Amino acid sequence: MESVSKGRRIACVMGVAALAAFPAFSAAGKEVGQIGVDWAGNDIVIEAIADPDVTGVTCHLAYFKRGLIDRLSNGNWFEDPSNSAIECQQTGPIKIGKINRSKSGEDVFRASRSIIFKTLRVKRIYDEENNTLIYVAHTRELTQGSAKVSISTVALRGARPE
């Protein structure tokens, strides 16, 4: 009986390690580029993210993805770094749906950066006075926030939210 429990525990740990090695990312982003940065399999991944509530705006998000060799050598299987960069621009006629107009904005994209505790997010904030959309890429952690922030703006040039 004890060997069955031990076998289940080992299988569970291996399953968790496999999930950590290949973190799942949101379906909202489409990978458009990948740059290998070293021999350990670490990459910079670039995803195109269409704003679901603002047609005609596309953001490109770059983030660091750790490779298997790096995970094995450093022993930290469960998370990727918080580093990211974002650039957003008008890619077609802008049509704004119902968007959150509060100062805290709303998530446009989110992706897991660890098994449980860390999420890479892109928030959209509407600056009404300047008629501009602000996109902020940051990492949210359960225990502490990250100071690593990237920002991009899109001037609406006449388009207004509903």
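I began with the hairpin formed by S1 and S2, where six residues sit between the strands and Gly41 takes a positive phi near 90 degrees. I note at the outset that this is a predicted model, and I read each entry below with that in mind.

Next I looked up how the two strands of this hairpin are joined: strand S1, residues 29–36, runs antiparallel to S2, and seven bridges join them. As one example of the pairing, I looked up Lys30 and found that its bridge partner in S2 is Ala48.

I then turned to Ile46, which lies in strand S2, residues 43–50. Setting aside neighbours within four places in sequence, I listed its contacts as Lys30, Glu31, Val32, Gly33, Gln34, Ile35, His60, Leu61 and Ala62. For one of these contacts, His60, I also looked up the backbone distance: the C-alpha atoms of Ile46 and His60 are separated by 6.5 Å, although the two residues are 14 residues apart along the chain.

My last entries concern Thr58, which I located in strand S3, residues 54–65. Is Thr58 buried or exposed? Its relative accessible area is 16%, and because the cut-off for buried is under 20%, I recorded Thr58 as buried. With neighbours within four places in sequence again left aside, Thr58 is in contact with Ala48, Ile49, Glu87, Cys88, Gln89 and Thr91. Which side chain makes a polar contact with the side chain of Thr58? I found that of Thr91, at 2.9 Å. I also noted that Ala48, listed among the contacts of Thr58, is the residue I had already entered as the bridge partner of Lys30.

Notes: Residues are numbered from 1 along each chain as its sequence is written. This is a predicted model: local features need pLDDT of at least 70, side-chain atom pairs count only at pLDDT 80 or more; totals for chains, interfaces and linings use all residues. Side-chain values use heavy atoms; hydrogens and water are left out. Helices (H or I, at least four residues) and strands (E, at least two) are DSSP runs, numbered from the N terminus. Buried means under 20% relative accessible area, exposed over 50%, partly exposed in between (1.4 Å probe, protein chains only). A polar contact is a pair of N or O atoms within 3.5 Å; within protein, one must be able to donate a hydrogen and the other to accept it, and residues adjacent in sequence count only if both atoms are side-chain atoms. Contact means heavy atoms within 4.5 Å. Two strands pair if DSSP finds at least two bridges between them.
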